[in-house]
Every structure is written in structure tokens, then in C-alpha cells.
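Me: I would like to take a close look at one part of this protein, with a little of its surroundings for context. Could you walk me through the helix packing?

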Amino acid sequence: MSKTEKPTNDILEDSATKEAGNAVQSSTNENAYRKFSLHDMYQSWYLDYASYVILERAIPEIQDGLKPVQRRILHSMKELDDGRYNKVANIIGNTMKYHPHGDASIGDALVQLGQKDYLIDCQGNWGNILTGDSAAAPRYIEARLSKFATEVVFNDKTTAWKMSYDGRNREPVALSVKFPLLLLQGADGIAVGMATSILPHNFNELIDATIKILKNQPFELYPDFPTAGMMDVSNYNDGLRGGKVRIRARIKPLDKKTLVITEIPFSTTTEKVIDSIIKARDRGKIKIKKIDDNTSENVEILVHLEPNVSIDTTIDALYVFTDCEVSISPNVCVIQEQKPVFVTVSDVLRYSTEKTKQLLQRELEIRLEELDTDWHYSSLEKIFFEQRIYRELENDVKTWDNILDNIKTAFKPFQKLLRKDILREDIVKLTEKPVRKISKFDVKKADEHIKSVEAEIDEVQNHLAHLTDYAIAYFQNLKKKYGKPYERKTELRSFETIQAQNVAANNVKLYMNRDDGFVGTGLKKDEFIADCSDLDDIIAFREDGSFMVSKVAEKTFFGQNIIHVGIFKKNDERTVYNMVYQDGKQGFSYAKRFSVGGITRDKPYDLTKGTKDSKVLYFTVNPNGEAEKIKIALKNKPGLRRLEYEFDFAELTIKGRSSMGNIVSRHSVRKIVMENRGLSTLGARKIWFDESIKRLNSEGRGAYLGEFKPTDKILVITNAGYYRLTNSDLTNRYDDDILHIEQYNPKKPVTAVYFDGGSKIHYVKRFLVEDKDKMTIPFVDSDSHPDTSLVTISTDYLPMLEIEYDHKVNKKTLHNDTLNIAETIEAKSYKVKGKKLSNFAIKSLTWLESLPYEEPIEVQSEDDTDDHFGDDHFEQGELF
């Protein structure tokens, strides 16, 4: 072995070491590559992924209003369309040629398109948007394009094309949609870093708004939902980000113990609504016994109430605590020129209108080119046969080119009759006519065809010259053909703001430890105060003349020596507190009447002058501003002649809580007792009826009804011929069917004119409204005949009615009659049928100015029960 050679083992070791070094170097290089790739991934690949999701998956294209999967489904259905239904499984399979994301996404998108009921004619079980039930398996259901879709969505001649993802097929870049499809169907999608939420709109209203755009007129456009319901669009903001719509279920009382939900908010289902009601009941927010779901084709959810639960308050509570009211924030995000943009609903409609106008123009231009070609060839054909140029084919010419040249030469004298130059292709096409065509050629028929083509050319040119009018006529035709089934379903109205604490059911009990100064729901061994809601505020007054308001809790410290605890109602202007307090240990005694206005929770307020050791001597809570009379007994003192005297709180003005009050005694008071409960000094409350929200209010909104005492009632008359009496509680709800509403006067008669469907005669009746313990009382028997209906009513004492007769039906001219109802008809029970108004057919009825009437004034005694209030309105006066 040479000295330069190494042993085999050493060589192997060196080789291993070298390989290990190379491996380490290779690993290092690979790690460096991986680090670079991950960095590159975050820099570019993620952006590519986000762009792909935005452009190809989630956000619709403004040109046709479709997402890529929807566009590919419709293109595939058009490809398969032969007028018959296709299995949805076949449609999904065919669409996979264009959409690379699997059958599940295609199937879901296809079902959603079908449920919208515009573009796809469905057959089979396609699910239920009301109940949330899913569609049957694709192999069991079928579909085809609707007539509306074939008319407005497709036109190969105006469509731009591109290759599909695998390069084997071509698909549309955007379909040639000649309708605001995006706003019609709506769209939802969540992409990377953005989302879109476009609400559906009404078919006919979209057409009307489009026509207004074409006429340069202002327009308003609001959503319309297939689930119907009611909607407040005061904050819609034209669909722009930051806007909001509030949607409510339609809830009506079925009887005194049952509510029925007949329409639900968009984006919910009957199952979700019922679950939310059950959860609200379990949390004690509403009091219901059970729920029955009778939904099939239409929504019908029966909510059975517990005994003695207010229907109106429960309806409000359902809107506050359940999915019977939802809020949706629109966000119109669309793809425009390969970029996502945020626009308004009006912007989308204007773009769609202009795009439709351009497509109509392009279609007219293409048709004009086709007609010009048709006219040119028809004219050539006529000259070819009529002038016998076809005989050039019989000449003995060596080549075919020479024959064609000879035919073209023969046409030269007639070139001026044509609109285009004669091309070689035209001559070749003429020579391909069979010989039998020569003998059967009908010049008259050819002339008629040319004239019809010329007439159509003139028509198309006129449309192009008046393109806006043509577009308006196009949309009007669509409305006439397809608009009838698409009446507005969602009612637009204003919603009042419902305070949750005002409608929440009493789900907890409130207790008080008077000595230790604790109040809460967890003090079950102490003094019971009242049932309340866990959303309520409580107010506590102490013997030292301070008070504090706090949220209902398990245990809250208010301070020792509590004299009164109650439920605090914010903005309650009618609750008045009457109080007598002593200023300091030896100070004067003051009386004051005050209401508690705006406060800060958990902050103590002082009702006295602030002197140390001040003390409350007398305190009452008066829910309707009552002012009692008290007897004040003084401590015996030498030289004091009068030890007892009366004081009437009615002599004091109601002021704020910080007022000092009036001096009632300069001497020490021994005790104070209530002498007489007294009456309210607030007077009757003025009440208005807001027609827009169908609610009462005391803020002056709507029609003035009058001044109401606690026992006064409201008369409501409906279009269906019912009346009912309600109290004047501001939480009352009133149906949309109201014909008339006013303050109830038991001595004021109601005059009603109704049409009897059986006899086809108008009847008139007068009756006094009976105060019965029923929800609604029918005074028109509409069940006797489907055509029986209430025509008009009057609540005047001496109404005058003008009758206009129908001359065509009566077949003679009759002068109008004026009828003094009070002279003709006596006021009787609401059950009577009434008297015939006339034996002749009546065209219209008009109430004239009523005759003057002065209602007799009744003098009431002091102990009239209408002017006094029960014991439950007061809390006993107490001496401390």
C-alpha cells in the first residue's frame, strides 16, 4: 500500500463524511427554498386566491347579475333545452364541463335559482323556503328554463365567449341579460375580505323604475321578499353599506287567547321563528302555553297565550325578543370591469337599463344586417329568374369561372336596382339552385317577400331611430306577459320603537330587606314587593329623603330604612309622588309633589333641602297624579292652640324632584294620616292615532282622538264590518283593516250602509255600540253571502247622505237623492238588518255635511264612579 493511499475504512469514513456534508448542504438549500416559497405564497399566491374567490365564486357580475356557477348552470340548461324537463342530476353533470368545483356547489346553486321562481320551471319537491325543508335528491327532481328566461337571458349573437377551464368547451363571459336580474333575485356571498348582500326586489316595480330611468324621471325602489311580512325601509339608504331594513312577521289575534303568525321575515324559516319563541318563553320574556305549526303552502303558526296575558303586549314582546323581527344590512358589492365595487341599488338599475338598451340596439343592428342580406339576395334571385340570366348556364363556355363572369356581366344593367355590390359568392349561391326552381319561380310571391322585408327594415330602422321608446315598449311588454303573478308581497310601513322593558313578561319576583337596605330577586326570605321582568329598573326611596334607581339584580344595596320600592318606568309623566318631610332635627316640615324625570342609574338623589338628619314624615305614590287630603297632628306644646288640621295636596303644583316644597308646619309633627284619597289633578290625557304605524301616542303624531280618562275607551270600526272597544293604553296595537277610529261615546249612534250580496240591494242601519266583553263584534253579516260587504259608515249624530244612481244598470235617468238618516231610521241594536236604502242600483254614496247637533250636558254628582279611582291606584300613606 502506498503512503499516499488511505485504508479502506478511512476512505469509507471520508466518503460518508462528504455525503453527510453534501446532505446538510442540500438540506440547507432546500430549507432556503422553502422559506422563499412560503414568503412568496403570502406575497402573491394568497392574493391570487383571494382574487379568484372574489371574481369566480362569491360576488356577482354586474353585466348579467349572475355568479359564475349560476351563469354556467343557465348556459348548460340552454344547451340541453328541448322544451322538456331534464333531470337535475343530468343538468348538474352537464354543468361540470364548465364549473370545476364539484356537483354539490352546482346542485345547491341550482336549487336556489329554482326556488326564486323566475328563471327555472321546476317539477318535483324543490324544498320550501318557508319551512326550510330541503329539496329532494337531484335524481328525483326535474327542471327546464322558463319562458321568461329564454326571452331575456339568452342570445348567442350578442354574447361574448371564452374557453372553459379545461379548454374543451366554450362558455359565455357574461350572458346577454336584458333585465335587472341582480336586483330581481338578490344575491348573497362571502369572499376573502368582503361580502355582498343584495336584497330581492319586485318584478313589476323594477320594470316601472327602469321605465322612469328611460324617461329621465325620479324613482324609488325598495326590496320585496317572497316570504312577505312587513318592512321598515326608513334606513335602507338605497342599499349602500351602512343601511338597514327592519322586517317583521305578520301577527294577528285569532281570539283572546291565541295569536296567529301568517307571514315571517325574510332570511328566517318557521322552524327558526318557533325556536326563537320557545327560547324567549324559557327565558321568561313572554308567557305562552304552547305553539302549533300548521304551515303547509302558507305560514300558520298558532301561539297560545297563558290566561290574563295581554295580546298587544305579547305581540310587541314577540317583535323584541324573537325572530318575528329581524334587521338586515344590505351591502351592494358587484364585479365591474374585473374589480369589486360598492354601489347603490339605483346605480345597479341604471347600469342594467343602459346595458339592456345597448343589447336591444345590437339586436336591432344584427337584425337589420340580416334583413339587408335577405333583401339583397331576394332581389338578385328575382332578377336572375325574371330576366332569364340563368340561361348563361346553357352557353358552351369552357370554364366555370367564365360562366360566373358572364352571369356577373349580365347583372351589370341591374346593379343600380340593388343596395349592395354583387359578390362572386352571391352568383355561386344563385347557380346552386335546382333546375326545378326555375319553372316554379313565382314573381308575385317574390315581390311580396321583398315588400315584407322592406317593411320590416323600415320598422327596425324606426326602432333604432327611437331606441328609448323601443326599450320602454320592450319593458312594458315584459310586464304585460309575465308581471301578473308578481304583485308586491312585503308591506312597506313605519315601525315604532318598542322598549324591551315595557313589553317583557314578569319573569322574576322582587323582594326587599327594609332594615338592611337590600333589594333583589334573590332575597326570597324577605318582604315580597312585586312581580317584574329582569329588564326592569327599580326605584327605592329612603327615610332620609334620598332615592336611587338601579337595574333589577339578585341583590342590590340601596341603603338602610327603605320606605318604598317600586318598578321605575322611564319617561313616566303621570306618576306623581306626594311627600312631607322635616328639614333637619328641629326644622320646619315641608310638603311637595314631584315626578321623577331623567336619572342616572345607581346615583343617589336627595329630595330634601339637604340638611343633616332630615326625615320623611309622609309618602305616597300616585300613578295618575292623584292628590289626597291629609290630617296633620302636631306634638303638644305650651301655647299651641291648634294641634290638628287638614292639608290638601291638590293645592300644590307638581314640580321637579329638586324643589324644596311648601311649609306645612313650623312645629314638630306627631303623625300624619290620609283623610281623603282625592282625585287626579293631571286631567285627561290627550291621545293621537298614528295611521302609519297603527299605534296610539301622546306626542301629537297623527289624528287627534281626544282627551282620555283611565276609564275612557276607543271605538274601532273595520272594513270587514266589525267593531271593537279598547282601552286607551298606548301599548295597544290596531289592525291594518281599520276604517274608522274615535273616542267611544255610548250615546253616539253609528250609521252603516252595506251591500247585501243575496238581494243585491243596499241597506242602511243605525245602532248604539254596546260595550261587550268581546274582542270584535260583527254588525254586518258578511258570512251570509260572499258579496255582502260594508260600504260606508258615519258616526255623526245627524248624518246626511247623498245617493247617486247607476243610470246604465237602471236603464233610466234618476236624480240624486239626499237622505236625512236620523229622520228615517231609528237607532236600534247592531243585530238588526236595517232598511233598504233604495230599490234602484246605486253608483256611489257621499256623506254631506251633517246637521248641527248639541249633545245634552249631564251634571254628575261628586260620588260619580267615573271621577274616582280604585284602591289599586294608590299606596297607603305611611308615617315614619
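Which residues in H3 meet which residues in H4?

Reply: Happy to help, and please keep in mind that this is a predicted model. On the H3 side, Val88, Ile91, Ile92 and Thr95 make the contact, and they meet Asp103, Ile106, Gly107 and Leu110 in H4. By character, the residues of this contact divide into five nonpolar, two polar and one charged.

Now for the geometry. Two packed helices are described by the angle between their axes and the distance between the axes. H4 covers residues 103-116, and its axis and that of H3 come within 9 Å and cross at roughly 125°. H3 and H4 are therefore oblique to each other, since an angle has to lie between 65 and 115 degrees to count as roughly perpendicular. The crossing in which H3 passes H4 is right-handed.

H3 itself, residues 88-95, also packs against H2, residues 68-80. There the angle is about 110°, with the axes 9 Å apart. H2 and H3 are therefore roughly perpendicular to each other, and their crossing is right-handed. From H2, the contact draws on Arg72, Ile73, Ser76, Met77, Glu79 and Leu80, while H3 brings Asn90, Ile91, Asn94 and Thr95. The residues of this contact divide into four nonpolar, four polar and two charged.

Put the two contacts side by side and H3 is the shared partner. Ile91 and Thr95 appear in its contact with H2, and Ile91 and Thr95 also appear in its contact with H4. Asn90 and Asn94 are listed for the H2 side, whereas Val88 and Ile92 are listed for the H4 side.

For the wider setting, the chain has 18 helices and 48 strands. Of its 880 residues, 43% count as buried. Among contacts with a separation of 6 or more, 67% link residues 24 or more positions apart. The chain exposes about 47,200 Å², of which carbon and sulfur atoms supply 47%.

Three buried residues elsewhere give a feel for those surroundings. Take Gly243, in the loop between strand S8 (230-235) and strand S9 (244-248). With 2% relative accessibility, Gly243 counts as buried, because the cut-off for buried is under 20%. Leaving aside neighbours within four places in sequence, Gly243 is in contact with Asn235, Tyr236 and Asn237, and also with Ile328, Ser329 and Pro330. Ile328 lies 85 residues away along the chain, yet its C-alpha atom is 8.6 Å from that of Gly243.

Phe547 belongs to strand S22 (residues 546-551) and is buried, at a relative accessible area of 2%. Not counting residues up to four places away in sequence, Phe547 touches Ile539, Ala540, Phe541, Val596, Ile599, Lys603, Pro604, Tyr605, Leu607 and Arg657. The C-alpha atoms of Phe547 and His564, which are 17 residues apart along the chain, are separated by 9.3 Å.

Ser589, finally, sits in strand S26 (residues 589-594). Its relative accessibility is 0%, and Ser589 counts as buried. Setting aside neighbours within four places in sequence, its contacts include Val580, Tyr581, Gln582 and Leu617, together with Asn662, Ile663, Val664, Ser665, His667 and Val669.

Coming back to your question, the point to carry away is that H3 meets H4 through Val88, Ile91, Ile92 and Thr95, in a right-handed crossing.

Key: Residues numbered from 1 in each chain as written. Predicted model: local features only at pLDDT ≥ 70, side-chain atom pairs only at ≥ 80, totals over all residues. Heavy atoms only, no water. Helix = DSSP H or I, 4+ residues; strand = E, 2+ residues; numbered from the N terminus. Buried < 20%, exposed > 50% of the residue type's maximum accessible area, 1.4 Å probe, protein only. Contact = heavy atoms within 4.5 Å. Areas by Shrake-Rupley, 256 points an atom, 1.4 Å probe, with all protein chains shown as cover. Axes fitted to C-alpha atoms, helices over the stretch in contact; angles between N-to-C directions. Parallel < 35°, antiparallel > 145°, perpendicular 65-115°, else oblique. Left-handed = near helix turned anticlockwise from the far one by under 90°. Nonpolar A, V, L, I, M, F, W, Y, C, P; charged D, E, K, R; others polar.
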